[in-house]
Amino acid sequence: MTHRLALSLLGLTSFGLAGCAAFSPDSGMKAVSELTSQTINKDVAFVRTTEGAGAVDARVRQLLSRTLSIETAVQIALLNNKGLQAAYNELALAETDLVEQSLPPNPVFSVSRISGNGASEIERQIVGDILALATLPFRSEIARDRFRQAQLRASLATLRLAADVRRAYWRAVGGNEMVALLTDAKATAESTAQLAVKLGETGSINKLDQAREQVFYAETTADLATARQTATSAREKLARLMGLWDGGLDFRLPNQLPPLPRRPQALPSIEADAVAHRIDLQIARLELSALAKSLNLTEATRFVTLLDLAGISRRTRDPEGAPFRERGFDVQFQIPIFDGGEVRVRQAAETYNFAFNRLTERAVNVRSEARDAYRVYRSGYDIASHYQREIIPLRKIITEEMQLRFSSMQVDIFALLTEARQRLASLRGAIDARQRFFLAQSDLQTAVNGGGAPADGDNSTTLAAAAPADGGH
């Protein structure tokens, strides 16, 4: 009897093994790689060997050998950022949970011997958890859903890093352009301030005009120092996101932001695209599906919380010393007198309802975020385009006309310098507007594909310093 019982347990175990999961060669990274390639057209790598690390280092060095574009910076970060590698390690750990939940419980074999008062008893047991075997397909299916969630979380971490790199890149490049502009402005202001000092010594200008030129030079110097610090911090953040240190810190960035695209994107179905593609929504949907399956499992097992089948083989001796063998089996289960499972069923149902409402709320918010991101994107394009098409060309005309009038002695040098300060304010505004547009473009991509909220809050951070637009007049 015991032998047949053991064989039955082994048969059930073999049946369970037929449908259990096995470790994949890439720890589930294929799904992450495909989604990343489809979404942002970039490569990812899960570095687990010395050879893999060497290949990544060689690729990063190759990408760093030329001036970084935004796409190159994103690619370096996806290959070299150790925080992202840690997210991939979490995915590998999630796969171990999948395999563990897909395996049937190991049967337990025990041998015991008891003797005393002239009698001895030897007992052997093979114990198998029937409930765990019966629910194995359900648990395996839930575990697969959890693993799919882990793959999406790894993909979400990948997209979040890419979005953070884009924001840091635009801030760093915009900072470079602002530093270059203010460096030239400081040189001009310094020359003007020195001229004002000399003219003041001869009595050609009064103290008020002399002080105005001095304060403009002082303010420009302060603005340049602020702009340099802003650009340095942005570059440092970009280096952190790309995982660079020591020799990699001398990477080259463009000196100015690229021109605006000829026309903005038209996205009439942006809400539908966001709801269909947002990874955080996909994760929430899988969570809801897993909870639904878990609820069904809870209802199916509410009255059977522990069911063990024990195969017993007992060898004893009677008081006269004659051996004899006993065979049989032992079934144990809880009797639902006090708790019939209603608590667990209610908990599962409320957990499902909680997840459903959270998913619905998230879907509504995603649609709103997509609409708002597109409005900010279009507004940013219109403002930057207005500077590019209207304000800067008009400022150029005004500057040229003022120089002509100065050459013909129709205006004095102070009128010319006043116009130069106003033109500087317009140029700073134009750089700031272009940077806002490219940040809004990055946030728009994030709103459609996912990647989390902007790392530094909203996109209201500007490059313009707090100095008045008219240079202090």
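Gln-75 makes a handy starting point: this residue is found in helix 4, which covers residues 70-80. The model is a predicted one, and everything below is read from it. Is Gln-75 buried or exposed? With a relative accessible area of 7%, Gln-75 is buried, because anything under 20% falls in that class. Setting aside the neighbours within four places in sequence, Gln-75 is in contact with Lys-42, Asp-43, Arg-59 and Leu-63.

Next come two residues with unusual backbone angles. As a general rule, most residues other than glycine have a negative phi. Ser-27 isn't a glycine, yet its phi is positive, at about 60 degrees. Ser-27 sits in the loop between helix 1 (2-18) and helix 2 (29-40). Asn-41 also goes against the rule, with a positive phi near 55 degrees in a residue other than glycine. The place of Asn-41 is the loop between helix 2 and helix 3 (50-64). When it comes to burial, the two part ways: Ser-27 has 6% relative accessibility and so counts as buried, whereas Asn-41, with a relative accessible area of 61%, is exposed. The cut-off for exposed is over 50%, which is why Asn-41 gets that label.

Now for the nonpolar side of things. In soluble globular proteins, nonpolar side chains tend to be buried together. Here, the largest nonpolar core has 86 residues, and the ones that touch the most other members are Tyr-169, Leu-238, Met-242 and Phe-251. Helix 7 gives the most to this core, supplying 21 residues. And what is Tyr-169 in contact with, leaving aside its neighbours within four places in sequence? The list runs to Leu-68, Ser-69, Ile-70, Ala-73, Leu-238, Leu-253 and Pro-254. Leu-238 therefore turns up twice, as a contact of Tyr-169 and as one of the core residues that touch the most other members.

Last up is the second largest pocket, which holds about 300 Å³ of space. Its lining is made of 17 residues, and those nearest its centre are Thr-188, Ala-420, Arg-421, Arg-423 and Leu-424. Which helices each supply at least two residues of this lining? They are helix 7 (136-202), helix 8 (207-241), helix 11 (342-407) and helix 12 (413-449). Helix 12 gives the most, with eight residues of the lining. Sorted by class, the lining is a mix of eight nonpolar, four polar and five charged residues. Helix 7 thus has a part in two places: the lining of this pocket and the largest nonpolar core.

Terms used. Residues are numbered from 1 along each chain as its sequence is written. This is a predicted model: local features need pLDDT of at least 70, side-chain atom pairs count only at pLDDT 80 or more; totals for chains, interfaces and linings use all residues. Side-chain values use heavy atoms; hydrogens and water are left out. On a 1 Å grid over the protein atoms alone, a cavity is a set of points where a 1.4 Å probe fits but cannot get out, and a pocket is an open set with protein on both sides within 12 Å along at least five of seven lines; lining residues have an atom within 4 Å of a point. Grid points are joined across faces, edges and corners, and a volume is the space filled by probe spheres set on the points. Helices (H or I, at least four residues) and strands (E, at least two) are DSSP runs, numbered from the N terminus. Ala, Val, Leu, Ile, Met, Phe, Trp, Tyr, Cys and Pro count as nonpolar, Asp, Glu, Lys and Arg as charged, and the others, Gly among them, as polar. Buried means under 20% relative accessible area, exposed over 50%, partly exposed in between (1.4 Å probe, protein chains only). Contact means heavy atoms within 4.5 Å. A nonpolar core is a set of buried Ala, Val, Leu, Ile, Met, Phe, Trp, Tyr and Cys residues joined through side-chain atoms within 4.5 Å.
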